[in-house]
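Grab a coffee and open the viewer. Below are some exercises, each with a solution worked out step by step.

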Amino acid sequence: MTETRFEGQVAVVTGAGGNPGLGRAHAMLLASRGAKVVVNDLGIGPDGRSVLPADPRAVVSEIEAAGGEAVADLHSVADEAGARAVIQTALDAWGRVDILVNNAGIGVVSGFDEIESTHLERVIGVHLMGSIWMCRAVWPHMRKAGYGRIVNTTSGGMWGMPGLTVYGTAKFGVYGLTRGLALEGGPYGIRVNAVSPGGVTNSFHHFYTIHDPEALQAFMGHQPAELVSPVVAYLAHRSCELTGGLFDSSGGTVTARLFGSTPGYSNPELTIEDVRDHLAEILDAGHLVIATDPRDAAETGNDEVVRILEPKPYQRL
Ligand SMILES: NC(=O)c1ccc[n+]([C@@H]2O[C@H](COP(=O)([O-])OP(=O)(O)OC[C@H]3O[C@@H](n4cnc5c(N)ncnc54)[C@H](O)[C@@H]3O)[C@@H](O)[C@H]2O)c1
């Protein structure tokens, strides 16, 4: 069986300075398979307060010690200039960028009305805006090259989890970004997917408690960050033509998250009472239409609209 290799490819992995950390694991796997890697990390740690250390230079040393090629980058992904500088690091070192893995993030566990406003903005700023700025920074280069692979990071928090409403909002936004860019990148050979990981990283004890010792041991033992990276690396490979997908990956299990809509109920003179009286039909998931590849409007459920709507040229605000 041929090995999946990345010779000649340049990858940028953001937030890859933590140990153990998902970003580090992705960077090390890509480098071990021949990619040249920009190991980016602002160094503030997943807690966002430098309580938990993160140093991309240490990860670069590990990659080099294993015979790989990497450079460290310490810019922030959370602002436009910083994101551009991260991509520039790759261009300065190797003149190209083929792969972008958006992984950088900070965690804040709190009630929706408990988190301070500035912290709320920081969470959105790193996860959602950071992914947007990084994709914007790399996009012209990938478009010009007619090739690119982007892997974004979401989270189970996007489905609603205690303490993670703001974070989950940002992560659902990252999925929206993934879908839209998958569509826009189609003609340019750019494929964009998202991974929702589960891995015991150095942030785990900082944010969570598992009281049951057996459950704790099982959780710690079965979810190394390294088991998420094969999914990320596969989606980053030239041979992967999937786009707009969302994959859950933890503990060696990979699943696809699919969105579906029900056939529903229609009435051209719809009333409030119709909605009330036909709720079972509206919610009936027996015949779901699954939205898969966003390049095919028939598969997203947007067929009718896309067929008749043509976007007008960009009008500045
Ligand atoms: N660990 C999990 O089980 C889990 C679950 C769901 C989602 N995630 C997501 O996976 C990603 C990685 O999580 P992790 O737990 O492995 O943490 P990690 O060790 O990869 O840490 C993230 C890194 O991002 C860096 N960072 C923060 N803000 C930055 C910025 N503005 N610019 C550059 N770097 C910045 C931090 O210094 C930290 O080292 C995050 O996006 C997280 O939300 C993780």
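One thing before you start: this is a predicted model.

**Exercise 1. Work out the strand order of the sheet and find its edge strands.**

Solution. Start with the pairings around strand 1. Strand 1 (residues 10–13) pairs with strand 2 (residues 36–40) in the parallel sense, over 4 bridges. Strand 1 also runs parallel to strand 4 (residues 99–102), and 3 bridges join these two. That puts strand 2 and strand 4 down as partners of strand 1.

Next, move out from strand 2. Strand 2 pairs with strand 3 (residues 69–73), again in the parallel sense, with 5 bridges. Over on another part of the sheet, strand 6 (190–198) and strand 7 (residues 246–250) run parallel and are joined by 5 bridges. To check that pairing in the viewer, look for Pro197 and its bridge partner Ser249 in strand 7.

Now put it together. The sheet is open, has 8 strands in the order 3-2-1-4-5-6-7-8, and its pairing is mixed. Strand 3 and strand 8 (253–256) are the edge strands, since each pairs on one side only. From one strand to the next, the twist averages 20°.

As background, strands of a sheet pair through backbone hydrogen bonds, either parallel or antiparallel.

**Exercise 2. Follow the register across strands 1, 2, 3 and 4, using Val13 and Val39 as your guides.**

Solution. Put Val13 of strand 1 at the centre of your view. On the strand 4 side, Val13 stands opposite Val101. On the strand 2 side, Val13 stands opposite Val39. Step on from Val39 and you come to Ala72, which stands opposite Val39 in strand 3. For a second check on the register between strands 1 and 2, find Ala11, which stands opposite Val37.

Then trace how the chain gets from strand to strand. Strand 1, helix 1 (residues 22–32) and strand 2 form a right-handed β-α-β unit.

**Exercise 3. Are the faces of strands 1 and 2 covered or open?**

Solution. Take strand 1 side by side. Val10 and Val12 are on one side, Ala11 and Val13 on the other, and all of them are buried, so both faces are covered.

Do the same with strand 2. Lys36, Val38 and Asn40 are on one side, with Val37 and Val39 on the other; again all are buried and both faces are covered. Because 5 of the 5 residues of strand 2 are buried, strand 2 is largely enclosed by the rest of the structure.

**Exercise 4. Compare the settings of Asp98, Val138 and Ser50: which are buried, and which exposed?**

Solution. The cut-offs come first: a residue is buried with 20 or more other C-beta atoms within 10 Å, and exposed with 12 or fewer.

Asp98 is in the loop between helix 3 (80–94) and strand 4. Asp98 has 24 other C-beta atoms within 10 Å, so it is buried. Leaving out residues up to four places away in sequence, Asp98 touches Gln9, Val10, Ala11, Tyr147, Gly148 and Arg149.

Val138 lies in helix 4. With 25 other C-beta atoms within 10 Å, Val138 is buried. Beyond its neighbours within four places in sequence, Val138 is in contact with Ile87, Val97, Leu100 and Gly148. Val138 and Val12 are 126 residues apart in sequence, yet 9.7 Å apart in space, C-alpha to C-alpha.

Ser50 sits in the loop between strand 2 and helix 2. Ser50 has 11 other C-beta atoms within 10 Å, so it is exposed.

**Exercise 5. Where are the backbone oddities at Pro20 and Ser50?**

Solution. Keep the background in mind: most residues other than glycine have a negative phi, and most peptide bonds are trans.

Pro20 is in the loop between strand 1 and helix 1. The peptide bond from Asn19 to Pro20 is cis, with omega near -5°. In the loop between strand 2 and helix 2 you find Ser50, whose phi is positive, near 65°.

**Exercise 6. Which residues are closest to the ligand, and how does its shell divide by residue type?**

Solution. Count the shell: 32 residues surround the ligand, and the closest are Gly15, Gly18, Gly21, Ala54 and Gly105. Sorted by type, the shell has 12 nonpolar, 19 polar and 1 charged. Finally, ask where they come from: helix 1, helix 4 (117–145) and strand 6 each supply at least two residues of the shell.

Definitions and conventions: Residues numbered from 1 in each chain as written. Predicted model: local features only at pLDDT ≥ 70, side-chain atom pairs only at ≥ 80, totals over all residues. Pairing = 2+ DSSP bridges. Right-handed = clockwise from strand over helix to strand, strands pointing away. Near = placed C-beta within 6 Å. Nonpolar A, V, L, I, M, F, W, Y, C, P; charged D, E, K, R; others polar. Contact = placed C-beta atoms within 7 Å. Axes fitted to C-alpha atoms, helices over the stretch in contact; angles between N-to-C directions.
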